[in-house]
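Hi,

I am passing on the structure we talked about, and I hope you enjoy looking through it. Have a look below first, and then read on for what turned up.

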Amino acid sequence: MHTGQSMTFFRTYFSALLMFLVLAAVGQQASAQAPELAIEATPNTVGAGGSTVLTFTIDNSLRPEATAVGFTMALPASPAQAVVADGFASTTCSAGTLTAPSGATSIVFAEGVLDRDTTCTLTVNATLPAAGAYTFPGVSLSSSAGTQP
C-alpha cells in the first residue's frame, strides 16, 4: 500500500469507528430515558360530594426495564380537601405497591417495576366535597432511569 492509500484507509476506518461510538452513545442515552406519567380525571367536572376516577398511566414504551418506579400525589385542598373515596384502588402494574386508603389526602405508588416496552395503569376514586374548580398538582415520576416531571 502506498502512503496515500494508507492514510485514506485509516481516515475511513477511524471515521467509521467514531460514527459507531457516537451512535452507541446516543443509543445508550435514549435507552436510559425515564418512563412517563399521564393523569386523567373522569369525569373532570362533578358537583359537591361527587366522585371522580383518577387514572394514572405509566408508559415505558421503547425503553428498557425500569425499577424503583414511584410517585406521590397530594390531592387538592381547595376549594375543600379532596380525599380518596371508598378505598378502591387498582393497578395493572406487574409489581409495586399502590397506597390509597379511604379518606387519605394523598396517593402513593412505590417500588414499581415496568418491563421493557410496557404500560400500566393505576386507578383511584376521589371525592370532591365542595363545588368548584379543583386543580390536581403536577406529579414527578421517579425510577431507576431518572425522574420525569
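The disulfide count for this predicted model comes to 1. The bond joins Cys93 and Cys120, whose sulfur atoms are 2.0 Å apart. The torsion about their S-S bond is about 65 degrees, so this disulfide is right-handed. Cys93 sits in the loop between strand E4 (83–91) and strand E5 (97–99), while Cys120 belongs to strand E7 (residues 119–128), so the bond ties together parts of the chain that are 27 residues apart in sequence. If you look for the two cysteines, you will find both Cys93 and Cys120 buried.

Strand E7 comes up again in the sheet. Here 4 strands form an open sheet in the order E1-E2-E7-E4, with antiparallel pairing. Strand E1 (36–42) and E4 are at the edges and have a single partner strand each, so one side of each has no neighbour in the sheet. On average, neighbouring strands of this sheet are turned by 15 degrees against each other, direction ignored. E2 and E7 pair in the antiparallel sense over 10 bridges. To follow that pairing on screen, you could start from Thr52, whose bridge partner in E7 is Ala126.

Next, the interior. The largest nonpolar core has 26 residues, and those with the most contacts inside it are Phe56, Ile58, Phe71, Ile107, Phe109 and Leu122. At least two residues of this core come from each of strand E2 (50–59), strand E3 (66–74), strand E6 (106–114) and E7. Which strand gives the most to the core? That is E7, with 5 residues. Leu122 is a good place to zoom in: leaving aside residues up to four places away in sequence, its contacts include Leu54, Phe56, Ile58, Phe71, Leu98 and Phe109, and also Cys93 from the disulfide.

Finally, the aromatic rings. The count of aromatic pairs comes to 2. In one of them, the rings of Phe71 and Phe109 have their centres 6.2 Å apart and their planes at 40 degrees, so the pair is tilted. This pair links distant parts of the chain, with Phe71 in strand E3 and Phe109 in strand E6, 38 residues apart. Both Phe71 and Phe109 are buried. Ring pairs also bring in Phe56, linking Phe56, Phe71 and Phe109 into a cluster. You have met these three phenylalanines already, among the residues with the most contacts inside the largest nonpolar core.

Happy exploring, and best wishes

How values were computed:
Residues are numbered from 1 along each chain as its sequence is written. This is a predicted model: local features need pLDDT of at least 70, side-chain atom pairs count only at pLDDT 80 or more; totals for chains, interfaces and linings use all residues. Side-chain values use heavy atoms; hydrogens and water are left out. A disulfide is a pair of cysteine sulfur atoms within 2.5 Å. Buried means under 20% relative accessible area, exposed over 50%, partly exposed in between (1.4 Å probe, protein chains only). A nonpolar core is a set of buried Ala, Val, Leu, Ile, Met, Phe, Trp, Tyr and Cys residues joined through side-chain atoms within 4.5 Å. Contact means heavy atoms within 4.5 Å. Two strands pair if DSSP finds at least two bridges between them. Axes are lines fitted to C-alpha atoms, for helices over the stretch in contact, and angles run from 0 to 180 degrees between N-to-C directions. Rings of Phe, Tyr and Trp (its six-membered ring) pair if their centres lie within 6.5 Å; planes under 30 degrees apart count as stacked, over 60 as edge-to-face and the rest as tilted.
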